[in-house]
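Colleague: I would like to learn how to read a model like this one, feature by feature. Please give the general idea before the case at hand.

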Amino acid sequence: MIALVVQPGVEFDHHSVVHYQPEKAQALSQFIESQPHMIYEAHSTDYQTPHAYRELVRDHFAILKVGPALTFALREALFALDRIDREWNGELKAAHLRDTLEQVMREQPQQWNRYYHGSPHQQFIDRQYSLSDRVRYYWPHPQVQQAVDLLMNNLRSHPVPMALLSQYLPEQAQALNAGTLGQDPQQWVLDKIQRVLLSYAEACEPKAETIQSQAQGALA
């Protein structure tokens, strides 16, 4: 065993996030300094700010567990493409991914009905937008996957205008315009997910000035 899974005071529910407060995790952070062969894995770090990730790494939470934040970004991207498809290709030709997903979730509620409560409208909002992202369990469903495939084929067959892409996926439109992102809609989805991962990567990567300072110290 190399890592101890801990809860450093970060958490999220369906629609809110508990942000990292370093002062409340001080004792936990200091304890690991006396354990030379052990590191922390921080649980439920999804949806924290980039600054919070840097603070977590600084405070010895070396492994940052992420899950729903990535599939949440996947859902955001696919829902955006669904809107683009309907506006660009029309209701008759559109894949109607979002409608298909909602239908499957209602017909097979086992993955969400223990978690989402309240009125029918509240359950709809939770199914579509909850930070816990129970929708992630439905992407492999054959009907949903068929709708995803049709969506991608629609957008590949009829390339999306830059202005329409910018309306729903502005960061990807900027990257496409700059020549750093390709024309394929699957690349846009992956780019949106990778932007979430980038916050984690930047927190774990020492700053250039820190590396330079360490190098200068080694040569002194």
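Modeller: What follows takes the domains, their interface, the sheet and one helix in turn.

Modeller: This is a predicted model, in which local features need pLDDT of at least 70 and side-chain atom pairs count only at pLDDT 80 or more, while totals for chains, interfaces and linings use all residues. Residues are numbered from 1 along each chain as its sequence is written, and side-chain values use heavy atoms, with hydrogens and water left out.

Colleague: Which domains does the assignment give?

Modeller: Domain bounds come from an automatic or database domain assignment. Here the assignment gives domain 1 (3–65) and domain 2 (69–196). Their C-alpha centres lie 30 Å apart.

Colleague: How is an interface between domain 1 and domain 2 read, and how much area do they bury between them?

Modeller: The size of an interface is often given as the accessible area lost when the parts come together. Buried area is taken with a 1.4 Å probe and summed over both parts. Domain 1 and domain 2 bury about 720 Å² between them, and 57% of that is on carbon and sulfur atoms. On the domain 1 side, His14, His15 and Tyr47 supply 79% of the area buried against domain 2, more than any other three residues.

Colleague: How many residues are in contact there?

Modeller: Contact means heavy atoms within 4.5 Å. By that rule, 8 residues of domain 1 are in contact with 11 residues of domain 2.

Colleague: How many salt bridges and polar contacts does the rule find across the interface?

Modeller: A salt bridge is a side-chain nitrogen of Lys or Arg within 4 Å of a carboxyl oxygen of Asp or Glu. A polar contact is a pair of N or O atoms within 3.5 Å; within protein, one must be able to donate a hydrogen and the other to accept it, and residues adjacent in sequence count only if both atoms are side-chain atoms. The rule finds 0 salt bridges across the interface of domain 1 and domain 2, but 7 residue pairs in polar contact (both at pLDDT 80 or more).

Colleague: Then the sheet. In what order do the strands run?

Modeller: Strands are DSSP runs of E with at least two residues, helices are runs of H or I with at least four, and both are numbered from the N terminus. Two strands pair if DSSP finds at least two bridges between them. In this model 3 strands form an open sheet in the order β1-β4-β5, with parallel pairing. The edge strands, β1 (3–6) and β5 (63–64), each pair on one side only. β1 and β4 are joined over 4 bridges, with Leu4 opposite Tyr40 in β4. Strand β4 (residues 39–42) pairs with β5 over 2 bridges; Glu41 stands opposite Ile63 and Ala42 opposite Leu64.

Colleague: Where do the side chains of Asp82 and Arg86 meet, and why is their spacing about one helical turn?

Modeller: Asp82 and Arg86 form a salt bridge at 4.0 Å, N to O. They are separated by about one helical turn because they are 4 residues apart in helix α3 (residues 68–89). The whole structure has 9 salt bridges.

Colleague: What does the side chain of Thr71 reach?

Modeller: Thr71 is also placed in helix α3. Its side chain reaches the backbone oxygen of Pro68 at 3.2 Å and makes a polar contact with the side chain of Asp133 at 2.5 Å.

Terms used
Buried area is the accessible area (1.4 Å probe) that two parts lose on being put together, summed over both.
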